[in-house]
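Work through the exercises below with the structure open beside you, and try each task before reading its solution.

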Amino acid sequence: MSSLMSRLTLGFAVCSKSAQNADLHLPQELLDLIVDELHADVRSLRACALTGRPLLHRARAHLFRELVLTPVSAQRASPSPHLYPYVQRLRLIGLGNRGTDQWSAQSRTLDIVSQMTNVREVSVINVELTLLYDLHWASTIDTLFLNILRVESRTVFFDLMKQFPNLRHFSFYQFHTLGEEDSGDGMEPAKEKIRLKMLEVCFTYSRSDVVDILIHPRSPFSLEDLATLIIKPKASDVDALSRIRDMLAVTGEALTTLDIGPFRMHSVNEDLPILDLTRLRILHIAISDRVIHQALLTWWTSVFASRREKWALEDLTITVLLHFYDWDSLTAHGSSHFFSARQKWDELAKVLCQLAMRKVYVKLELREGPERFLNEVKDVVDSAFGVLRVQGVEVVVEKQG
């Protein structure tokens, strides 16, 4: 479809006697749809921009939708201020050690960002907080991604976040506060709350970087309307499950979608907490054949087995990360891979039959090893989940190598 639109649009440009005054004799709505089909074709978008005014605005909207600024590129940024209002996604990327390099063109950066009046999404990676604090952010920003950010205190961080009052999707990874923090006792709560709809977090070695920031008395965030929570645990975190439980404890009743990556769990025992996820409608989980993750399949089975009559779950996605570190020994000794054991999948399928779900999607991702072992695991999962299909549950098992 895109290639057809590309040829059609390029044909307009070639057949026009005057590219500057081309009259295409088509409704503007149709021309906009044609250009939208070419959103990933830079060559065709450039041709559209040169064809005439009917295509110029829409082509620019796609060509300049995203802008990446580094300390180097900020100095070479386009001097054309009329292009900045087209930017909807902005990425600021620091290049120095721990982001301590000074942006020599800081005043230039301030000028550029202040002209982006329609930006909706901002990503900040390895950038000093002082630069972010001095920038003038558009009120249209509803999505913010922070990565490798170090701040002096939570108070400074909260003051920065107040510049994004319409934020709805917030992600922060590898986020650290430096120095000792006060408890916030006796402090006046934030008057204006940022009512998040989606939150993405990655737990680090410091618990206060995530949960305590969200529940701090001066925190500008409100999780009452939070509908989607994405958690990416650190592989080195030996207490990830407790952190996940703490994170869920501060969310509101509006939470319906949860995405949890694989977390460290060497074994399953009675002391491990069983998460109460019965209010969820959509759940995405990930398991792995790494030694620190192999107990997850059994643990998740026990989670689904708890409070069966109360589950509201409709859609379940299971991402299976396969590394096949021992594939050479599997070939030599004729042994089976960890996820090729039918019993574990049968037990999970039996429990899922009790939840009255609508769809189960299993995604097998090959990270390392021969694809033939991936086919073996797919056959086992397909066969075990056959009982779900009998009950009318839509089951999809796909492999990605």
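The protein in this predicted model contains 14 helices and 14 strands.

**Exercise 1. Describe the protein as a whole through its burial, its contacts and its surface.**

Solution. Begin with burial: of the 401 residues in the protein, 48% are buried. Turn next to the contacts with a separation of 6 or more, of which 76% join residues 24 or more positions apart. Finish with the surface, where the protein exposes about 19700 Å², and carbon and sulfur atoms supply 50% of that area.

**Exercise 2. Determine how helix H3 and helix H4 are arranged, and which residues make their contact.**

Solution. Two packed helices are described by the angle between their axes and the distance between the axes. The axes of H3 (residues 42-51) and H4 (residues 53-63) come within 7 Å and cross at roughly 150°. Because angles over 145 degrees count as roughly antiparallel, H3 is roughly antiparallel to H4. The crossing of H3 and H4 is left-handed. On the H3 side the contact is made by Val 42, Leu 45, Arg 46, Cys 48, Ala 49 and Thr 51, while H4 contributes Leu 55, Leu 56, Ala 59, His 62 and Leu 63. Sorted by character, the residues of this contact are 8 nonpolar, 2 polar and 1 charged.

**Exercise 3. Establish how many residues of helix H9 are buried, and what they pack against.**

Solution. H9 spans residues 240-249 and is mostly covered, with 7 of its 10 residues buried. These are Ala 240, Leu 241, Ser 242, Arg 243, Ile 244, Met 247 and Leu 248. The buried residues of H9 pack against three strands, E7 (198-201), E9 (228-231) and E10 (257-260), and against helices H8 (211-215) and H10 (296-305).

Conventions: Residues are numbered from 1 along each chain as its sequence is written. This is a predicted model: local features need pLDDT of at least 70, side-chain atom pairs count only at pLDDT 80 or more; totals for chains, interfaces and linings use all residues. Side-chain values use heavy atoms; hydrogens and water are left out. Buried means under 20% relative accessible area, exposed over 50%, partly exposed in between (1.4 Å probe, protein chains only). Helices (H or I, at least four residues) and strands (E, at least two) are DSSP runs, numbered from the N terminus. Contact means heavy atoms within 4.5 Å. Accessible areas come from the Shrake-Rupley method with a 1.4 Å probe; for residues, only the protein chains shown count as cover. Axes are lines fitted to C-alpha atoms, for helices over the stretch in contact, and angles run from 0 to 180 degrees between N-to-C directions. Angles under 35 degrees count as roughly parallel, over 145 as roughly antiparallel, 65 to 115 as roughly perpendicular and the rest as oblique. A crossing is left-handed if the near helix is turned anticlockwise from the far one by less than a right angle, and right-handed if clockwise. Ala, Val, Leu, Ile, Met, Phe, Trp, Tyr, Cys and Pro count as nonpolar, Asp, Glu, Lys and Arg as charged, and the others, Gly among them, as polar.
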